[in-house]
Amino acid sequence: MSGMKIAVSGKGGVGKTTVAAGIILGLAESGRPVFAVDADPDANLGFALGFPEDELARLRPMVEMDDLVREKMGDGALFRINPRVDDILDAFSLESGNIRLLRMGGVKQAGTACYCRENAFLERLMGALLIERDEVVVLDMSAGIEHLTRGTARGVDVMLVVVEPSQASLRTARVTETLARDLGVADVRFIANKVRNHEERAVLEAHFGAGELLGFVPFSDELWDAAMFTSDGRGTSGTIGTIARSLLANICTRLVGKEVVGPHEGGIREAREVRGLPAV
Ligand SMILES: Nc1ncnc2c1ncn2[C@@H]1O[C@H](COP(=O)(O)OP(=O)(O)O)[C@@H](O)[C@H]1O
Ligand SMILES: [Mg+2]
């Protein structure tokens, strides 16, 4: 059976990449092959995951590979509808253990030139990842969720919207939630990050309904220092990703141990029933 498809979203700076990296490493460690997809044009998921700098420098965003885009989508005014893209998902990703890293590049905004071909190509790649692949897929998104479309959003099992203790991040989270549900994302949950004390925790708890919040991630000086003061994102107990992985251990267990199905369908169900994932 197919692995869970997880999209991580939220306001800029709340910790999407950090949370995504922690979840990716946690799931990979439990033996699952994971596709780590950097869908933020300002890509830094690979850095957080601890991929070597020289390899990351060579990893080009898919959308910028003009020849490949034309080869797959066709050269003319009409695009091919569903070209096979499996080969390029494998060929143009970096591999490290159970993790494959892919850089999407940004969705092109309508402007003077027509970028329809590039965007159709991105949508095709997202469809292949979310609907056709068997691996667990974790998408690290930008603040917007423009990489998802009506066609591809239905492949997302759960969108994790990261919030921090600020009203602005809570507002963005609710806007994101509405957009995601409108597109057809099956389930939207929230993760509270950078929580410093009980007061902050209480404010966040009061904002969300039962079952909406998947968990709290404490503010971590070590994480902050690793990102702030070291050029390789390495703190005393590991990389940004491995530090995040230990902070997110409970959330990972909840994600893989339970299938989150939305309040209207009876709450949380065992993942094994739904997806055939091994027990954790
Ligand atoms: N739980 C945390 N504790 C301390 N610092 C954090 C935590 N989560 C994220 N950060 C820091 O916040 C900054 C933004 O995080 P990042 O994951 O890049 O956010 P985003 O991807 O949402 O823009 C980074 O410097 C990161 O190290
Ligand atoms: Mg980011």
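**Exercise 1. Helix H6.** In this predicted model, determine which residues of helix H6 are buried, and what covers them.

*Solution.* Begin with the residues themselves: Arg117, Glu118, Phe121, Leu122, Arg124, Leu125, Met126, Leu129 and Leu130 are the buried residues of H6. Next, look at their surroundings, where the covering elements include strands S1, S2 (34-38) and S5, together with helices H4 (66-73) and H5 (86-91). Finally, check the length of the helix: H6 comprises 17 residues (116-132), for which a span of 24 Å is expected at 1.5 Å a residue, and this agrees with the 23 Å that separates its end C-alpha atoms.

**Exercise 2. Strand S1.** Establish how many residues of strand S1 are buried, and which strands are joined to S1 by bridges.

*Solution.* Take burial as the starting point: six of the six residues of S1 (residues 5-10) are buried, and the strand is therefore largely enclosed by the rest of the structure. Then separate the two faces, remembering that side chains in a regular strand alternate between the two faces of the sheet. Lys5, Ala7 and Ser9 lie on one side of S1 and Ile6, Val8 and Gly10 on the other, and all of them are buried, so that both faces are covered. Turning to the pairing, four bridges join S1 to the parallel strand S5 (residues 136-140), in which Val137 is the bridge partner of Lys5. Five bridges join S1 to strand S6 (residues 158-163), which also runs parallel to S1, and here Ser9 has Val161 as its bridge partner.

**Exercise 3. Helix H11.** Find the buried residues of helix H11 and decide how they are placed around its axis.

*Solution.* In H11 (residues 249-257), the buried residues are Ile251, Cys252, Leu255 and Val256. Because they cover an arc of only 120° around the axis, these residues fall on the same side of H11.

**Exercise 4. The shell around ligand 1.** Describe how many residues surround ligand 1 and which are the closest.

*Solution.* The shell holds 16 residues, of which Gly15, Lys16, Thr17, Thr18 and Ala227 are the closest. Assigning the shell to elements, one finds that helix H1 (16-29), strand S7 (188-195) and helix H9 (221-229) each give two or more residues. By class, six residues of the shell are nonpolar, eight are polar and two are charged.

**Exercise 5. Lys194.** State what is notable about the phi of Lys194, and decide whether this residue is buried or exposed.

*Solution.* Most residues other than glycine have a negative phi. Lys194, which is not a glycine, nevertheless has a positive phi of about 60°. This residue lies in strand S7, and it counts as buried because it has 22 C-beta neighbours inside 10 Å, where the cut-off is 20 or more.

Key
Residues numbered from 1 in each chain as written. Chains lettered and ligands numbered in written order. Predicted model: local features only at pLDDT ≥ 70, side-chain atom pairs only at ≥ 80, totals over all residues. Buried ≥ 20, exposed ≤ 12 C-beta atoms within 10 Å, placed from the backbone. Pairing = 2+ DSSP bridges. Arc of directions from axis to C-beta. Near = placed C-beta within 6 Å. Nonpolar A, V, L, I, M, F, W, Y, C, P; charged D, E, K, R; others polar. Expected span 1.5 Å × (residues − 1). Contact = placed C-beta atoms within 7 Å.
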